[in-house]
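Biologist: Hi, I'm new to this one. Could you walk me through it?
Modeller: Sure, let's bring it up.

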Amino acid sequence: FQFPISKKYSSSNVQTIKIKGNKSSQFLSALLMISPYIAPLRIEVVGELVSKPYIDITLKVMKAFGVKVKNNSYKSFDIKPQVYKATNYQIEGDASAASYWTSIAYLHGGKVEFTNLNNRSIQGDIGFLESLKQLKKRGPRVIDMESMPDTAMTLATIAPFAKRQTKITGLSTLKLKETDRLKALENELRKVGIRVKTTKNSITIEGAKTFSRLRDNVRIGTYDDHRMAMSFAVLGTKVPGIKIEDPGCTAKTYPNFWKDLELAYLSPIKLGDKNLILTGMRCSGKTYFGKKIAKLLKREFVDLDTEIEKQKNMKIQDIVKRYGWPYFRKVEQKVCSEFSDTKNLVIGTGGGVVLDEKNMKNLKKNGVNIFIFADIPTLVERIKKSTNRPSLTGKKIDKELSDVWEERRDLYLKYADYVWDDTSGGVVKNNLEQIFCS
């Protein structure tokens, strides 16, 4: 369109533009922002206007820069010729981005605080907190997210962990975003084992009672959509091994998201005189980090496998070869019992220590347990570089690790007081002092 620039206002020279309101508020926002320079202007909304809170943001920011718009109940908008004026403007934190952290806190029973963002925010997405509260209600629930569709995706990835069915409505605009987000959500949630169905403007997600356990080690397609990547990353904090394809797409709105997510795992830990117990798969980093932490805390480091070797005067692989794994597990149980009353130690365990409840009962009697996670491909590469890691089954290493992980995953999580993700190999190492000395 081409519009004449009018410097004088009168009822006779008002231009009228009609724009559909049911597709996306972004088109209307763009038109509103340039409207002072094509005014006098009336913008009429055809049909119902979706995502009204985003229009509220546009109008409030325009007003802060000296431009007033008359809002006629979102049916039409009147703009006189005006000029934007320079001003100091404090930009709020992004409420849409905040939804990922409030969701993680919700899923794990934690707390999160934000700077430069509060309940009086002009952003409609601040209402996401109320949507989280609805997930706690008993029975099936219907949550209308028309006013904050950007956070509807976050809600969809945590809804499976509610006890019963959740229906999220008001999502007609999701088809018009970076991708068809309704279809993308449906596809990727089903990969993980979640029962879901969609309509033109809703998605219905079955709750936790419909599955015993979700599938891990699933590759999540992101469709070049930053919100798909970040929403499923939230789900991944509950389902270990979720792989996000094209993680770099988050740079569009949140370049530091992955760094912040890794840091979120690393809560400060107060040990007192308790032992620190490190559990995890082979080559997850138990010995490496155990030695570093022991040095940092000026404690003795104990490697349980080394203790077993000392007692039997044989290498682990030789014990297994001569006597078999059942015998090794009995020796391991005896060694674990010897540390039930010790203090101020850092103890690195063998990968299978969690298989015996007595082991973990003894170790945790006076100990805090950290489960160190790394994904299967990372573990395979680390094990290939090692020469003293005996096979448990005789299978190829990637198949063996997948089978072992399937067997032990729930046990690692059951006994964990804290979970670290060390797949990247850098975040934990760079933050040990903050974890233990804060």
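Biologist: Let's start with the largest cavity. How many nonpolar, polar and charged residues does its lining have?
Modeller: By class, there are eight nonpolar, two polar and no charged residues in that lining. Keep in mind that this is a predicted model.

Biologist: Okay. What volume does the largest cavity have?
Modeller: About 50 Å³. The count of cavities of 30 Å³ or more comes to one.

Biologist: And which residues line the largest cavity?
Modeller: The lining consists of Asn-217, Met-281, Ser-284, Phe-371, Ile-372, Phe-373, Ala-374, Ile-376, Leu-379 and Trp-405. Two elements, E14 and helix H14 (376-384), each give two or more residues to it. E14 has the largest share, with three residues.

Biologist: Switching to pockets: how much space lies in the largest pocket?
Modeller: About 1500 Å³. Its lining has 49 residues, and those nearest the centre are Ile-104, Thr-237, Leu-261, Ala-264 and Tyr-265.

Biologist: How does that lining divide into nonpolar, polar and charged?
Modeller: The lining of the largest pocket has 29 nonpolar, eleven polar and nine charged residues.

Biologist: Which element gives the most to the pocket lining?
Modeller: That's H3, with seven residues. Elements supplying at least two residues each include helix H3 (95-108), helix H7 (226-236), helix H8 (257-264) and strand E14 (367-373). So E14 turns up again: it also gives three residues to the lining of the largest cavity.

Biologist: Let's stay with H3. At what angle do H3 and H5 pack?
Modeller: H3 and helix H5 (residues 149-158) pack at about 15°, and their axes are 9 Å apart. Angles under 35 degrees count as roughly parallel, so H3 and H5 are roughly parallel to each other. H3 passes H5 in a right-handed crossing.

Biologist: Which residues of H3 and H5 meet there?
Modeller: From H3 you have Ser-96, Ser-99, Tyr-100, Ser-103, Tyr-106 and Leu-107, and they meet Asp-150, Thr-151, Thr-154 and Ile-158 in H5. By class, that contact has four nonpolar, five polar and one charged residues.

Biologist: What about H4 and H5, how far apart are their axes?
Modeller: 11 Å, and helix H4 (residues 128-135) packs with H5 at an angle of about 20°. H4 and H5 are therefore roughly parallel to each other too. The crossing of H4 and H5 is right-handed.

Biologist: Who makes the contact?
Modeller: On the H4 side, Phe-128, Ser-131, Leu-132 and Leu-135; on the H5 side, Thr-151, Thr-154, Leu-155 and Ile-158. The contact of H4 with H5 has five nonpolar, three polar and no charged residues.

Key. Residues numbered from 1 in each chain as written. Predicted model: local features only at pLDDT ≥ 70, side-chain atom pairs only at ≥ 80, totals over all residues. Heavy atoms only, no water. 1 Å grid on protein atoms, 1.4 Å probe; cavity = no way out; pocket = protein on both sides within 12 Å on 5 of 7 lines; lining within 4 Å. Points joined across faces, edges and corners; volume = space filled by probe spheres on them. Helix = DSSP H or I, 4+ residues; strand = E, 2+ residues; numbered from the N terminus. Nonpolar A, V, L, I, M, F, W, Y, C, P; charged D, E, K, R; others polar. Axes fitted to C-alpha atoms, helices over the stretch in contact; angles between N-to-C directions. Parallel < 35°, antiparallel > 145°, perpendicular 65-115°, else oblique. Left-handed = near helix turned anticlockwise from the far one by under 90°. Contact = heavy atoms within 4.5 Å.
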